[in-house]
Amino acid sequence: MSIIKHNFEKMNITKIKEAKNKYKLTVITAYDALFANLFKNSADMILVGDSLNMSFAGENDTLSATLEQMIYHTKAVCAGAKDAFVITDMPFATYINKDIALKNCAKVYQDTNASAVKIEGGEDKAEIIKHLTSNSIAVMAHIGLMPQYVRSEGGYKVRGKTKEDEEQLIRDALAVEKAGAFAIVIEGVLSDVAKKISQSVKIPTIGIGAGKDTDGQVLVWSDMLGFFEEFKPKFVRHYLNGAELVKNAVNQYREDVQNQSFPSIKEEY
């Protein structure tokens, strides 16, 4: 398959939808201005994921992330990547009904330059997504393995293993599409099922642990760049041994300080 080259100009909903069946969309998480600036010319979309609660804040899951945290990090990402299409994860319990969802999503829009929000849930959240999109809030949906459901589901479980679950996932995708979502994240779903889901909808699907037949891929930056050392999910590919490189660099800095080779005359005023 040839790589379709496209300009990383300001993305919008129309361009994202038009990418389906034309080229694969690249999405990566970012939590600050520094890394957002590094990613902006390579990613079609930047997701300010509630995964920051784990990789940035050191928590065991995403559930304790707050709206204030997400707004703070979204503002930083938008400052570092002013022309990027930035999506904010709506944290746990911030969209439990239509009115609360609209209030909180509107606050994200008012307080940041986010282009869209992301919400976990399929058929069960379709009514809320419809309410948001009817009120000018762009929504990316998220189905399959949903991290905010980790406690109620009893852990992180791969989806699509039964015919019934496959059919439910397709219903979920169709429901959020009908509700107005512009794209769908499919996480932790068997690859053949993710392919069927992608073929069942007209909007792009973004996979994470869902095989290559989705319309794009998303990875958490600290996973992709090898900074997160506690474990490596099966679906992650390390494009950099970041943790080792940083440790080596800091050790070299310490050695240079101790042997007084840093700072040198060139580094003095």
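Colleague: Which residues does Val 220 touch, not counting residues up to four places away in sequence?
Modeller: The model is predicted, with residues numbered from 1 along each chain as its sequence is written; local features need a pLDDT (the predictor's confidence in each residue, from 0 to 100) of at least 70, side-chain atom pairs count only at pLDDT 80 or more, and totals for chains, interfaces and linings use all residues. Side-chain values use heavy atoms, with hydrogens and water left out. Taking contact to mean heavy atoms within 4.5 Å, and leaving out residues up to four places away in sequence, Val 220 touches Thr 29, Tyr 31, Ser 51 and Ser 55.

Colleague: Does Val 220 count as buried or exposed?
Modeller: Val 220 is found in the loop between strand S8 (216-219) and H10, where helices (H or I, at least four residues) and strands (E, at least two) are DSSP runs numbered from the N terminus. The relative accessible area is judged with a 1.4 Å probe and protein chains only, with under 20% meaning buried, over 50% exposed, and anything in between partly exposed. At 14% relative accessibility, Val 220 therefore counts as buried.

Colleague: How far apart in space are Val 220 and Ala 243, C-alpha to C-alpha?
Modeller: In sequence, Val 220 and Ala 243 are separated by 23 residues. In space, the C-alpha to C-alpha distance between Val 220 and Ala 243 is 15 Å.

Colleague: Which residues does Ser 222 touch, not counting residues up to four places away in sequence?
Modeller: Ser 222 is found in helix H10, which covers residues 221-224, and counts as buried because its relative accessibility is 5%. Once residues up to four places away in sequence are set aside, Ser 222 touches Ser 55, Phe 227 and Phe 228.

Colleague: Is Lys 125 buried or exposed in this model?
Modeller: Lys 125 sits in the loop between strand S4 (116-120) and helix H6 (126-133). Beyond its neighbours within four places in sequence, Lys 125 is in contact with Tyr 95, Ile 119, Glu 120 and Tyr 149. Because its relative accessibility is 15%, Lys 125 counts as buried.

Colleague: Which residues does a cis peptide bond join?
Modeller: Most residues other than glycine have a negative phi, and most peptide bonds are trans. The place of Pro 263 is in the segment after helix H11 (242-258). With omega at about -5°, the cis peptide bond joins Phe 262 and Pro 263.

Colleague: Which residues is Asp 256 in contact with, leaving aside its neighbours within four places in sequence?
Modeller: Asp 256 lies in helix H11 and counts as partly exposed, at 21% relative accessibility. With the neighbours within four places in sequence left aside, Asp 256 is in contact with Ser 261 and Phe 262.

Colleague: What is the phi of Asn 21?
Modeller: Asn 21 is placed in the loop between helix H1 (13-18) and strand S1 (25-29), and it is exposed, with a relative accessible area of 73%. Although Asn 21 is not a glycine, its phi is positive, at about 70°.

Colleague: What is the relative accessible area of Ala 93?
Modeller: Ala 93 lies in the loop between strand S3 (86-89) and helix H5 (98-111). Its phi is near 70°, a positive value in a residue other than glycine. Ala 93 is partly exposed, and its relative accessible area is 41%.

Colleague: What is the radius of gyration of the protein?
Modeller: The protein has eleven helices and eight strands. The globule rule (2.2 Å times the number of residues to the power 0.38, with the radius of gyration taken over C-alpha atoms) gives 18 Å for 269 residues, and the value for the protein is close to that, so it is as compact as a globular protein of that length. The radius of gyration itself is 20 Å.

Colleague: Over which residues does pLDDT stay under 50?
Modeller: The mean pLDDT of the protein is 95, and 97% of its residues reach 70 or more. Where pLDDT is low, the predicted coordinates should not be read in detail. The model has three contacts beyond four places in sequence for the stretch where pLDDT stays under 50, namely residues 1-5.
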